[in-house]
Amino acid sequence: SEKKEKLIKPKNRVLRLFVCGPTVYDHAHIGPGRIYVTFDAFVKYLKSQKRKVFYLQNITDIDDKIINRARAEKSDPLTLAQKFEKSYHSDMKKLGVTSVTRYAKASAFIPQIVKQIQTLIKKGCVYKIDGVGPLDGRGSPQGGGWYFDVSKFKDYGKLAKRTVIQAEDGISRIDETINKRNKGDFCLWKFAKTDNGEPAWGSPLGRGRPGWHIEDTAISEKFFGPQYDIHGGGVDLKFPHHEAEIAQAESASGKKPFVKIWMHIGLVRIGSQKMSKSLGNFITIKNFLESHSPRLFRWWILNHHYRSPVTHTEKNIKNAKTSLQNLQELIDKLNLVTEKQKNAAKGDAARNLLKDTEKKFHESLQNDFNTPEAVASLFVLISEINKSIWNLSKKEARAIKSSIIQNLKSIGLEIEKPLKTPLKIRLLAQKRELSRANKQFIQADALRKKIEALGYSLEDTPLGPLILKISDF
């Protein structure tokens, strides 16, 4: 609909979410990383609001990209896919993506895929192309398989808001052949080519393997039935991938809509270009985590609305690091207040401010999952609190700290717990305090620099020195 839709609470069942997973032919880059961190935050927030969610994600482990790389490396395609699937799960673990209920590999659902294609054949919207086309670069006939006829589905293009003619302008991934009836037709089942080492399965359709689009609808139907609540993925999948899914699912079941709500995540860009492996301008998740923390990645991502594009620059990452550092420092200051405050009167001056912040935070997330607006509400709180932080009572400091930590935890962002300051640093800080008391300011400055060289910063406060670990975000 291209407008906000009410997310009705399902009666006596969990909310069903399907997100397009990776094609495992290489290490994942931060573009898909953004998608999976965003949906992890989304699901964790729903669960924090007592919503039950079944989050299903497919793994494409059968694909031309996998086959081509395996051929180049002279390895087995399924073995190669297993290698990069393992890499993907390792990346997700490091990024704190823990909300997926079930991962489903395409190769594990061949019977379901075949069954759905057979249903589509019976419905009359699929045709067969024998492998008799022109030879490809390897001397094998190309284009053989079962193809979906987009002219048989009158609603084709409704998600991307394209007419059937406009839809014809889009070529589906890996499905180009001169033997198709319509330019936009896409392959559901690719016939095996003789002795070329590609994965293939025997079936009533003929020996072969599934096309790209069919695995998603066959897998989602297995777990959710013909209709479900939310489907997510990158905005670049809207057409033709998600359009093809709608055509397959609604043609097979005769029920509309296939999915009630679609959530499309904006692209990650390098300069003015989309980040992609095909353009060779990508940064892998592993590359990013070599110099930055998983918390910084999530923080950077959640400071952008999920539908908006994100541009990766060192300046943008530095800005995210600074704001995260400011947040961490506030928590450390509140810890100092709860430990050292003696003179402040017991009061509830922060109560109304916290109440307003909580309201704004949750209203933002419940309004099209507006994470940057939710985060901004916390920084309004931080700005106000910093004006009188050293006058807070212990009770107020604990309440503020708890509120910030719980709100961020609801979207999967954990605040770093303060580590016990090493004895050496504490002794240097005490020595510096003594120098300052004796007006030995040159010696005090030298001790401060020594503390900073050891990875800590020092801030003088009305409650005494605040020692902060210089966080390596």
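A residue is buried when its relative accessible area is under 20%, exposed when over 50%, and partly exposed in between. The exercises below apply this to a predicted model.

**Exercise 1. Determine what share of the chain counts as buried, and describe the overall make-up of the chain.**

Solution. Step one takes the burial total: of 473 residues, 52% count as buried. Step two turns to secondary structure, where 15 helices and 14 strands are found. Step three gives the extent of the C-alpha trace, which spans about 95 × 50 × 35 Å along the principal axes of the chain.

**Exercise 2. Find how many disulfides the chain has, and explain the result for Cys20 and Cys187.**

Solution. The criterion is a pair of cysteine sulfur atoms within 2.5 Å. For Cys20, the closest cysteine sulfur belongs to Cys187 and lies 18 Å away, so the separation is too far for a bond. For Cys187, the closest cysteine sulfur is that of Cys125, at 14 Å, which is likewise too far for a bond. The count by this rule is zero disulfides. As to the surroundings of these residues, Cys20 is buried because its relative accessibility is 5%, and Cys187 is buried with a relative accessible area of 1%.

**Exercise 3. Establish why helix α6 (residues 212-224) is described as largely enclosed by the rest of the structure.**

Solution. Begin with the count: ten of the 13 residues in α6 are buried, and the helix is therefore largely enclosed by the rest of the structure. Next, identify the residues concerned. They are Trp212, His213, Ile214, Glu215, Asp216, Thr217, Ala218, Ile219, Ser220 and Phe224. Finally, inspect the backbone just after α6, where Gly225 adopts a positive phi of about 85°.

**Exercise 4. Classify Arg398 as buried, partly exposed or exposed, and locate it in the structure.**

Solution. The relative accessibility of Arg398 is 48%, so this residue counts as partly exposed. In secondary structure, Arg398 belongs to helix α13, which covers residues 394-409. On the surface, Arg398 joins Lys340, Lys342 and Lys394 in a patch of positive charge. Membership of such a patch requires over 30% relative accessible area and no salt bridge.

**Exercise 5. Place Gly464 in the fold and state how far it lies from Asn12.**

Solution. Gly464 is found in strand β14 (residues 464-469). Its relative accessibility is 19%, and Gly464 therefore counts as buried. Gly464 and Asn12 are separated by 452 residues in sequence, and their C-alpha atoms are 55 Å apart in space.

Terms used. Residues are numbered from 1 along each chain as its sequence is written. This is a predicted model: local features need pLDDT of at least 70, side-chain atom pairs count only at pLDDT 80 or more; totals for chains, interfaces and linings use all residues. Side-chain values use heavy atoms; hydrogens and water are left out. Patches are made of residues with over 30% relative accessible area and no salt bridge: like charges are joined within 9 Å, nonpolar side chains (Val, Leu, Ile, Met, Phe, Trp, Tyr) within 5 Å. Accessible areas come from the Shrake-Rupley method with a 1.4 Å probe; for residues, only the protein chains shown count as cover. A salt bridge is a side-chain nitrogen of Lys or Arg within 4 Å of a carboxyl oxygen of Asp or Glu. Lys and Arg count as positive and Asp and Glu as negative; His and the chain ends are not counted. The place of a charge is taken as NZ of Lys, CZ of Arg, CG of Asp or CD of Glu. Helices (H or I, at least four residues) and strands (E, at least two) are DSSP runs, numbered from the N terminus. Buried means under 20% relative accessible area, exposed over 50%, partly exposed in between (1.4 Å probe, protein chains only).
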